[in-house]
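User: I would like to learn how to read salt bridges in a protein model. Could you take me through them step by step?

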Amino acid sequence: MDRQPTTSDTSEVVRAHCNSCGQETKHYVVFEKRQNDSAVIDPHRGYSISWVTTYTMLECRGCEEVCLKQASWNSEEETTAVVYYPPRVARRQPAWYDELHSDYQSLLAEIYTALYADSKRLAMMGLRAVIDVFIVRKLEDSPHFEEGLKELVSQNYITTRSKEIIEAAVNAGHASAHRNHNPTSEQLNAVIAIVENLIQFDLLTESADTLRKTTPPRPPRKKKKE
């Protein structure tokens, strides 16, 4: 009996970013459909425009994630615009996401949804809110943001250098919320890295406290017999 050809046997292979793998990988071209049309704009002068849209379904050769690539071209611009569904993002949820407190999880879920939809401003505003949650969880009195950061330093939750980095992230969030600033992917990823490191520190602190409480004490040394 003849073996049926598989995707790997018959498909073209192209390179594309994979959200699941978090990097550019090789993809199988599972399916492709091309649509083209034209329209006469000025019949007296014989002026017309034409356009072509190609839909390509891709499957990552590593993790098998499937996405749709739409490439659009028209004779007016003579450039090809490429869009992916879902949008390609350079960030994945951290491996320790499920271990986080629910306050963090709910916010991060919305932030990564915003990233998935390429809503950079919303993601940046959400990251600013995560820092607020960190301050509230660490300080009982929940002081004003600037005072809260100073108190975190005085109580050795963060270093002075960490405070400066957090302030840079917060300023980026303010700019997105109040000054119509649309951050670049690089700027957004930098702030995400800052915030993820901050809340991972919170997670590790809780783990260390639990470890100290559950670790049996060292037994007292036996006195040597004289």
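User: Which residue forms a salt bridge with Arg161?

Analyst: The general idea is that side chains of opposite charge can pair when their charged atoms come close. In this predicted model, the partner of Arg161 is Glu164, and the closest N and O atoms of the pair are 3.0 Å apart. Both residues belong to helix α5, which spans residues 160–178, and they are three residues apart, about one turn of the helix.

User: Are Arg161 and Glu164 buried, partly exposed or exposed?

Analyst: Arg161 counts as exposed, with a relative accessibility of 53%, whereas Glu164, at 41%, counts as partly exposed.

User: How many salt bridges are there in the whole structure?

Analyst: A search of the whole structure finds five. Among them is a second pair in helix α5, where Lys163 and Glu167 are four residues apart, again about one turn of the helix, and their side chains meet with an N to O distance of 2.8 Å. Lys163 is buried, its relative accessible area being 17%.

User: What separates Arg128 and Asp132 along their helix, and what is the N to O distance in their salt bridge?

Analyst: These two residues are separated by about one helical turn, because they lie four residues apart in helix α3, which covers residues 120–138. Their side chains meet in a salt bridge with an N to O distance of 2.4 Å. As for accessibility, Arg128 is buried, with a relative accessible area of 17%, while Asp132 counts as partly exposed at 32%.

How values were computed
Residues numbered from 1 in each chain as written. Predicted model: local features only at pLDDT ≥ 70, side-chain atom pairs only at ≥ 80, totals over all residues. Heavy atoms only, no water. Salt bridge = Lys/Arg side-chain N within 4 Å of Asp/Glu carboxyl O. Buried < 20%, exposed > 50% of the residue type's maximum accessible area, 1.4 Å probe, protein only.
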